[in-house]
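Please open the model in your viewer, switch to a cartoon display with side chains available on request, and follow the selections below in order.

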Amino acid sequence: MLELKPPLVLLSGPAGFGEYLKLIDHRYVGGIILKTVTLNPKEGNSTPRMADGDFYVINRIGLENPGIHEFVENVPELPVPMIASLGGDSFEEYLEVARTFKKVSDKFCAVEFNFSCPNVKEGGLSIIKDRKRWKTLIVEIRKILPDSFLIAKIGIEGIFVEEAAEIVVDTGWNGITLVNTVRGLHFEKGSMILGGLSGPLLKPIALRAVYEVKRRFPKLLVIASGGVYSMKDAKEFLNVGADVIGVGSALFKDPGIVEEIGKYLMEVKG
Ligand SMILES: Cc1cc2nc3c(=O)[nH]c(=O)nc-3n(C[C@H](O)[C@H](O)[C@H](O)COP(=O)(O)O)c2cc1C
């Protein structure tokens with residue numbers, strides 16, 4: 001099992017490669033999921049890349065990252081347990097990324113594979129649409145990384161979360177992160193931003209996803225991701241069975257919330 005103390009992680013993307021840790025007391029952070037890394041470096045999309053709505057954040061960063069080769073040469077050294085996040089633009093890319101990552105896998109307590117990014121042309125969403133092919137892919141990844149704690153990050157698009165969870169369990173993976181952002185459209189000064197929605201609007205969707213998966217697969221580790229902005233939100237995710245609470249967009253608003261939720265989780269979860 002993945003023992004994170006407290007069971008609180010900073011989610012992939014908003015937490016970057018550790019920048020926010022400077023603003024947070026490390027005792028209250030159980031782990032950090034680094035920004036998703038792909039085979040080739042990506043510059044990401046043109047600006048604007050992010051905007052605020054009344055109850056959400058929308059982003060179209062486009063997986064900006066240095067690429068897996070640069071990443072393994074310069075693995076960040078951070079004061080909290082690290083979880084890598086890996087992605088790809090095709091079946092073969094995922095495998096190549098996994099193979100390259102293997103060289104440094106012992107520096108990470110787990111590795112999350114992003115099968116759900118809505119902001120790149122191919123990537124996770126197109127892979128997961130084809131169930132059989134996705135299952136073959138994750139079987140192959142397990143062979144490459146037999147000893148890693150493997151977590152699949154799933155959104156609500158392209159597949160039902162409970163169906164994805166069944167495949168994750170059947171293939172010997174260890175955990176699932178629910179959910180990723182949902183495709184949305186936001187007007188900013190009259191221009192459209194097509195991106196992924198996160199924040200409070202996502203919470204009821206994420207709660208339902210965690211609930212559905214946890215009641216079918218109680219032993220599967222579930223990381224909650226979607227709209228945790230307060231201790232009340234964290235409590236609700238614990239109520240539906242989340243094992244680990246993830247904080248993402250709330251970091252932009254108030255990194256202090258991590259300490260508050262972390263303290264609370266230490267009290268109730270030890
Ligand atoms: C600016 C931004 C960048 C993100 N980048 C990634 C990413 O690289 N990989 C990933 O798996 N999820 C990424 N996400 C999704 C978050 O990890 C998280 O799943 C989502 O924001 C929902 O949680 P929240 O409502 O607490 O933000 C990103 C989200 C935001 C807002």
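**Strand 8 and its neighbours**

In this predicted model, begin by selecting strand 8, residues 175-178, which is covered on both faces: Gly-175 and Thr-177 are buried on one side, and Ile-176 and Leu-178 are buried on the other. The split into two sets follows a general pattern, because side chains in a regular strand alternate between the two faces of the sheet.

Next, add strand 7, residues 150-154, which runs parallel to strand 8 and is joined to strand 8 by four bridges. If you show Ile-154, you will find Leu-178 of strand 8 standing opposite. To follow the chain from strand 7 to strand 8, colour helix 5, residues 161-170, through which the chain passes in a right-handed β-α-β crossover.

Now select strand 11, residues 221-224, which also pairs with strand 8 in the parallel sense, over four bridges. Here Thr-177, one of the buried residues of strand 8, has Ile-223 of strand 11 as its bridge partner.

**The antiparallel sheet**

Then move to an open sheet of four strands, which are paired antiparallel in the order 3-4-10-9. Strand 3 (50-52) and strand 9 (182-188) are its edges, and each has a single partner strand, so one side of each lacks a neighbour in the sheet. On average, and with direction ignored, neighbouring strands in this sheet are turned by 40° against each other.

Finally, select strand 9 together with strand 10, residues 191-198; the two run antiparallel and are joined by seven bridges. Which residue of strand 10 is the bridge partner of His-186? Displaying the pair shows that the partner is Ile-193.

Definitions and conventions
Residues numbered from 1 in each chain as written. Predicted model: local features only at pLDDT ≥ 70, side-chain atom pairs only at ≥ 80, totals over all residues. Heavy atoms only, no water. Pairing = 2+ DSSP bridges. Axes fitted to C-alpha atoms, helices over the stretch in contact; angles between N-to-C directions. Buried < 20%, exposed > 50% of the residue type's maximum accessible area, 1.4 Å probe, protein only. Right-handed = clockwise from strand over helix to strand, strands pointing away.
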